[in-house]
Number of protein chains: 2
Amino acid sequence: MESSESTKNTIKKIFADYLDKHAMRKTPERFAILDKIYSIKGHFDVETIYNMLLEDNYHVSKATIYNNIGLLLDCKLVTRHQFGGNTTQYEKSYNTGIHNHIICTKCGMVREFTDTNIKRAIQNKHLRDFTIESYTLYIYGICDKCKQQEEAIMAEKPGKEKK
Amino acid sequence: MESSESTKNTIKKIFADYLDKHAMRKTPERFAILDKIYSIKGHFDVETIYNMLLEDNYHVSKATIYNNIGLLLDCKLVTRHQFGGNTTQYEKSYNTGIHNHIICTKCGMVREFTDTNIKRAIQNKHLRDFTIESYTLYIYGICDKCKQQEEAIMAEKPGKEKK
DNA sequence: TTTACTGCAAATATTTTGCAATATC
DNA sequence: GATATTGCAAAATATTTGCAGTAAA
């Protein structure tokens, strides 16, 4: 879901406080990037943000986007994903709840789900010499659409695979 | 643990069968790469395998390593990881058991652990329209070593962080 | 003998870095 | 006014691709 007005105000405040705390400047680019990220429903990469801002006739260089996503990761307003494709994906993370991802290894489709049993099992885990901050669970497999396609191909060429 | 002789024979057989099935050739490079991978205890990247083979005076190009790791992923003898660093990491996966990873976000340290509650919770999960093949759970946080360093720095410069 | 595979080098893609110009504080 | 931040271009890094030579079947 796109973020509500009150969420957008809260995250601006969090980012502004973070910048103050580290003696960093509150530039318009920074808030434009943050705002755009929180208007995105699912996952995105740097290229996507870059283009979305361009469409608004707002030019921010990629170097600046990379730079600022780093800050947003640091203050936990964004999380980072590497699902296995070529680009690093990101996702807003304030008030979004812990969720897991399923990834189709054929078509790259990513879907989210939540599960209290899994959540509880992970949170109950005590790790020696380690302070847990977050976690990501990726479940890989094949979505039904790809599975059906595979079966259709197999049916078409029955001799293709030996044994 | 390094792989036993019987494991090494089994994986060679699995790979050979896979190559037969797909009408691919059983080149010495392929088995040298597989063998080297199964001599590695933990995670590795392409560069590492390349150098390890070189140390044995066995030259295999990186293109060939990339190419063949792809095949090994396909026949499930190797799994792929993207922990958040710059390179893709790999790991042998025959007979290694399902295990999870904890990653220190400061120093990049990766450690493994197993947990039956987590395993059970994930395996009991039913996903609509999706066939599960595997999963990865990465727990991020700070290892005690880095935590102590951070605290030491904070104690040294008490005024650095405002508020 | 056929053609899949390898090695090399070039191409592609992503992210990082250096530096001059600019804008925040 | 001091200097952190931006944009740009170049650099660094990782991975893929094209092609000629080599070797498995």
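1. The largest nonpolar core has 28 residues. Ile139(A) and Ile139(B) have the most contacts inside this core. A nonpolar core is a set of buried Ala, Val, Leu, Ile, Met, Phe, Trp, Tyr and Cys residues joined through side-chain atoms within 4.5 Å. Buried means under 20% relative accessible area, exposed over 50%, and partly exposed in between, with a 1.4 Å probe and protein chains only. In chain A, strand E3 (100–104), helix H5 (116–123) and strand E5 (130–143) each give two or more residues to this core. In chain B, strand E3 (100–104), helix H5 (116–123) and strand E5 (130–143) do so too. Helices (H or I, at least four residues) and strands (E, at least two) are DSSP runs, numbered from the N terminus. Apart from this core lies another, of 26 residues. Among its members are Ala16(A), Tyr38(A), Val46(A) and Leu72(A).

2. A word on the basis. This is a predicted model: local features need pLDDT of at least 70, side-chain atom pairs count only at pLDDT 80 or more, and totals for chains, interfaces and linings use all residues. Residues are numbered from 1 along each chain as its sequence is written, chains are lettered from A and ligands numbered from 1 in the order in which they are written, and side-chain values use heavy atoms, with hydrogens and water left out.

3. Which residues does Ile139(B) contact? Leave aside its neighbours within four places in sequence. In chain A, the partners are Ile122(A), Leu127(A), Phe130(A), Ile132(A), Ser134(A) and Tyr135(A). In chain B, they are His101(B), Ile102(B), Ile103(B) and Phe113(B). Contact means heavy atoms within 4.5 Å.

4. Now the two chains together. Their contact takes 44 residues from chain B and 43 residues from chain A. The area buried between them is about 3700 Å². Carbon and sulfur atoms give 54% of that area. Buried area is the accessible area (1.4 Å probe) that two parts lose on being put together, summed over both. Lys21(B), Gln82(B) and Phe130(B) supply 15% of the area that chain B buries against chain A, more than any other three residues.

5. Ile65(B) sits in helix H4 of chain B. Is Ile65(B) buried or exposed? Ile65(B) counts as buried because its relative accessibility is 0%. Not counting residues up to four places away in sequence, Ile65(B) touches Ile33(B), Val46(B), Ile49(B), Tyr50(B), Leu53(B) and Val60(B).

6. DNA strand C is surrounded by 19 residues. The closest are Arg25(A), Tyr66(A), Thr88(A), Arg30(B) and Thr64(B). Sugar and phosphate account for 74% of the strand's atoms that come within 4 Å of the protein. A residue is near a strand if one of its heavy atoms lies within 4 Å of it. H4(B) gives the most to the surface near DNA strand C, with four residues.

7. Polar contacts to DNA strand C come next. A polar contact is a pair of N or O atoms within 3.5 Å; within protein, one must be able to donate a hydrogen and the other to accept it, and residues adjacent in sequence count only if both atoms are side-chain atoms. A polar side-chain atom of Thr88(A) is 2.7 Å from a phosphate oxygen. For Ser61(B), a backbone N or O atom lies 2.8 Å from a phosphate oxygen.

8. DNA strand D has 19 residues around it. Arg30(A), Thr64(A), Tyr66(B), Thr87(B) and Thr88(B) come nearest. A polar side-chain atom of Arg25(B) lies 3.4 Å from a base nitrogen of DNA strand D. H4(A) gives the most to the surface near this strand, with four residues.
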